[in-house]
Amino acid sequence: MSKTFSIGGIHPKDSKFSRDKSIEEFPIPKRVVISMNQHLGMPAVPVVKKGDTVKTGQLIAEPAGFVSAPVHASVSGIVADVAPYPDFLGKKVLSVVIDTDGDEWMETIDRSPEIKHEITATPKEIFKIISDSGIVGLGGAAFPTHVKLTPLEGMKPEYLILNGAECEPYLTSDYRLMMEHAQEILIGGEMMRRVLGDVGGIIGIEENKPKAIELMKRLTANYLQWEVVPLKKRYPQGGEKQLIDAVLGRKVPSFSLPISTGAVVQNVGTAYAVYEAVQKHKPLITNVLTVSSSDPSIQRNFRFRIGTPIREFLSAAGAMDKEGHLFQAFVKVVNGGPMMGKPVSNLDGPAMKSTSGFVLFTEKETKRQEEGECIRCSKCFQACPMRLQPYLLYQLAMAGRTEELDENRVFDCIECGCCLYSCPAHIPLLDQIRLAKNISLKNKRKK
Amino acid sequence: MTSTLLYTILSLSLLGGLLAVVLYLIAQKFKVQEDPRIDQVLEVLPGANCGGCGYAGCRAFAENFVKNPDNPDFFCPVGGNDAMKRAAAVLGRDVQEQVPKLAVLRCHGSCDVRPVFNTYDGSPSCAVASDLYGGETGCSYGCLGLGDCVDACTFDAIHINPQTCLPEVVEDKCTSCGACVKACPRNILELRPKGPKSRRIYVACANKDKGAVTRKVCSVGCIGCQLCVKACPFEAITFADNLAYIDPAKCRLCRKCVAVCPTGCILEINFPPKKQVTNNE
Amino acid sequence: MDKLLISPAPHLHSKDSTRRIMRDVIIALMPSVLVSVYFAGLSALLVLVVSVAGCVLLEHLIARYLMKKKTTVSDLSAVVTGILLALNLPVSSPWWMVLIGCVVAIGIAKMTFGGLGHNLFNPALVARVFLLISFPVQMTNWTVSNSVFRPDTWELPKGLLGAQGQLLDASSGATPLGIIKEGLANGMTIETLSQQHDFSYWHMLFGHIDGSMGEASVLAILAGLFYLLIRRVIRPVIPLSIVITVALFSGILWLTDPSQYADPLFHLLTGGLLLGAVFMATDYTTSPMSPLGMIIFGVGIGLVTMVIRIWGAYPEGVSFAILFMNALVPLLNKIKPFPYQKEVSRG
């Protein structure tokens, strides 16, 4: 029996065309641009300078505080620059730029391919390794993992939920990780479970990935504390709050962290990174991403080095012509999934730790249609998974009525996009609600 | 038939009269004692309720002004010095004349000088676009041209020029209420003095990137050469973050800075054309 | 240089659009339209064509020349209003009366409020009520449904043969509800009335009774309801609340005194209740947006309809009931949805 969340949600086509493309090792680029802003929280502080030689896996930036994470070199070579470089949206971010020279790894890193099953590290050691390896939430939010695994006062964790939902259309990187590295994910998950204090372990997987569910079920048969929960195919099933609601039936209150319901959610990719960090002493320097589109010939899954320019992925996937321009049919490149991903304006921008994929769209698929009048159909309200009233929030946002926006819980918006997706009048609901929400949160922080 | 008519008219008139008396008595009993001067001041105010004075509407302004009329911060930008003089007269006082201002756009990167690198397809709002990214051009400080300022203006004084893709302020209609200044997410609209004979000079650029970078994305942006700072005989130009700024209080409109600016990012408005041919043409 | 399209997320959109929804409503109305044309012939077609053309033309003219903006007829909402207006009128409505109806529906009830999405009252119903009050004779001149295309197996109702024995195109009569109201006022019982007149449920289902064009065939309306439900255009909440309320109310009355009150099935199948419940009360703009609001809305319509039918001056109350509840919709929309937070539970 598949479980699901109880409020709202939509059913876009899952478009998992790249599901059967095994993960390929992406060739090392000539130059990587590693941003210091790889995570939520304070940007890391560089510890290398121009001209330094670095090895793959070497520390190049230290965390700036607790809610921060270190950054490591994803290639070996010479530091070409430590300066602001434009990211995929053209915004300048302090980055360490490395010109690649060979691929010399730090000696401490175990590069053997065998799976190391036995967990010899204690929970405290596991926690420290996670913290030192720069592991952040690889589901997209990039929240430093060690912070999430640190329970706050008065909040007792009861479950660790591994998020294998991957509800965004087109993306299949988590699925491929589960199919090819299920054992490692489970070991990583087990480590995090122990850090939290022997809590229950749950793996949530959407039912459009039956092979992964079967595989995980087989592997967890020997682990008493672990359970695999199949989930209905629905967006945004992979959202933290929706996942907890589906799996445990608990709802996260406004302004509370998910841990207040006793659940800690981590992406399966994060669990894999934890395995690599603890068992192989490898810091977070690689990840898996999908390049997809509606064109059946442009479907790939790559394991890449952090800092690789986006252009190279698109070129390798066959989306560019001989002159290095994107095929004219594609008008938009999205960093992430089509529902919550950000558009790319600078193709020379680099891939980051939590980059999950790049999806290419044609004009017909993505160009926004002309805005009409609101017909008061309430489809946006029916679709909102947080039971907000988008039609009302939009009007209030346009009129700048901040108090009433707060009364109507604009800060609970998870920016999933269900409202804009469903609106028959093509009103840009989320655009304005997102702005109002950010202003509301900023005002709240000021107080 | 006529008796019915008579009785109807009589009874309704009586009822109406009685209710009128009752209403009058109640109105008198529960009347709010108010300073009559508030209404008098309200009379001379333009009644636009635009909030440009900083108060919630003309009535709020009148109430507060009557309470402390000597406070020099009170100024109705829409009514201007005229309205302020008459308002002060109601209170038997005089006011200091303030310099008339208007909104000025510190950017003149029109579509022909600022190439476009992508197409924006989101909600047609500067706030939304500016929150998302740097914009269609390479300059992440300049005008986005989506018209949040136009939407904010209640005096029909600012419009987007389709040829330049930039907003233009209509001098006669702008009341310097400041609504457009608040609406602009890039803070490039500024209230500056209109100037004698409506002449003013300002740096029409807000780009804080280094000169070489600015030059690549806009041919009329400030490149931070500081020639204007050196040329100004009145020390009216300050330089910070690769950007020059002319202090309107010190500027004497001598136009020396305009003459030396290599990119033409300093604009002189409403001056007669110069007799000599300058370098920046 | 690649000029990419940039917009905030989401980058996908459902295939839904206002025009699609209106198109689905038009398709759902087709069974009722076809049935009325089948039974009432060319006069029905005339009313429909005039109504639709009038509404579309009027909306175009008002939008372009009075409101000075782009024409709004392409979203097909004027077509829907036109069809609904026609289905609310008797077959014998003269063309000028239909046009006046269009002016009231589009001009007054819709465009003065600001156009699509802004109107407070259901435009077709406002027009119908306006016409009912202004032209009471024409509006209650129901024709006995009759048409050259009628199947021979069905009995000819009385009085359909003219003086020379030829088949008349139509003849006037009262609706079943009207007959009941008048009969009860004259002291007759339900039983005697049903013996004298044709109150066959079969005929109500298939469109053989008198009434406005749309209220005649219940089956056609149900077919439309089915289509709207599977296309997810409407939710069943409002029609269900109305029907259940009416059934309960009339059922309780009927059980207490069957000689004075008609049975629930009769009330459900007559008087345009189903037409109103399925097509008029479910209009997005004039109905509440939250499920609780919708339930209250439906129950209110059911109650007011029954009150008017039993104790009011008019035999038929659905139009008034819906308009009355339309006025309460802004208040109902103030009801906050069940808060997300209250559902916090620990397992």
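## Charges over rings

In this predicted model, B:Lys29 sits over the face of B:Phe30, 5.2 Å from the ring centre. A second case is in chain C, where C:Arg64 lies over the face of C:Tyr65 at 5.7 Å from the ring centre.

## Aromatic pairs

Over all chains, the count of aromatic pairs is 17. One of them joins B:Tyr55 and B:Phe61: the ring centres are 6.0 Å apart and the planes meet at 70°, and because an angle over 60 degrees counts as edge-to-face, the pair falls in that class. The two partners can be described by their accessibility as well. B:Tyr55 has a relative accessible area of 29% and is partly exposed, whereas B:Phe61, at 1%, is buried.

B:Phe65 and B:Phe74 also form an edge-to-face pair, with 5.4 Å from centre to centre and 70° between the planes. Here B:Phe65 is buried at 1% relative accessible area, and B:Phe74 counts as buried at 6%. In chain A, ring pairs connect A:Phe26, A:Phe302, A:Phe304, A:Phe313 and A:Phe358 into a cluster.

## Nonpolar cores

In soluble globular proteins, nonpolar side chains tend to be buried together. The largest nonpolar core in this model comprises 80 residues. The residues with the most contacts inside that core are C:Ile83, C:Leu228, C:Ile242, C:Phe279, C:Phe297 and C:Ile301.

Leaving aside residues up to four places away in sequence, C:Ile301 touches C:Ile242, C:Ala281, C:Ala321, C:Ile322 and C:Met325. A second core, separate from the largest one, has 77 residues, including A:Leu149, A:Met192, A:Trp226 and A:Ile310.

## Helix α5 of chain C

Helix α5 of chain C covers residues 123-134, twelve residues in total. At 1.5 Å a residue, this helix should span 16 Å, and the value agrees with the model because the end C-alpha atoms are 16 Å apart. At the N-terminal end, C:Asn122 acts as a cap: one of its side-chain oxygens is 3.2 Å from the backbone nitrogen of C:Ala124.

Nine of the twelve residues of α5(C) are buried, so the helix is largely enclosed by the rest of the structure. The buried positions are C:Pro123, C:Ala124, C:Leu125, C:Val126, C:Ala127, C:Arg128, C:Val129, C:Leu131 and C:Leu132. C:Ala124 thus appears both in this buried list and as the backbone partner of the C:Asn122 cap.

How values were computed. Residues numbered from 1 in each chain as written. Chains lettered and ligands numbered in written order. Heavy atoms only, no water. Core = buried A, V, L, I, M, F, W, Y, C linked by side-chain atoms within 4.5 Å. Buried < 20%, exposed > 50% of the residue type's maximum accessible area, 1.4 Å probe, protein only. Contact = heavy atoms within 4.5 Å. Helix = DSSP H or I, 4+ residues; strand = E, 2+ residues; numbered from the N terminus. Expected span 1.5 Å × (residues − 1). Polar contact = N/O pair within 3.5 Å; in protein donor to acceptor, adjacent residues only side chain to side chain. Phe/Tyr/Trp six-rings, centres within 6.5 Å; stacked < 30°, edge-to-face > 60°. Lys NZ or Arg CZ within 6 Å of the ring centre and 35° of its normal.
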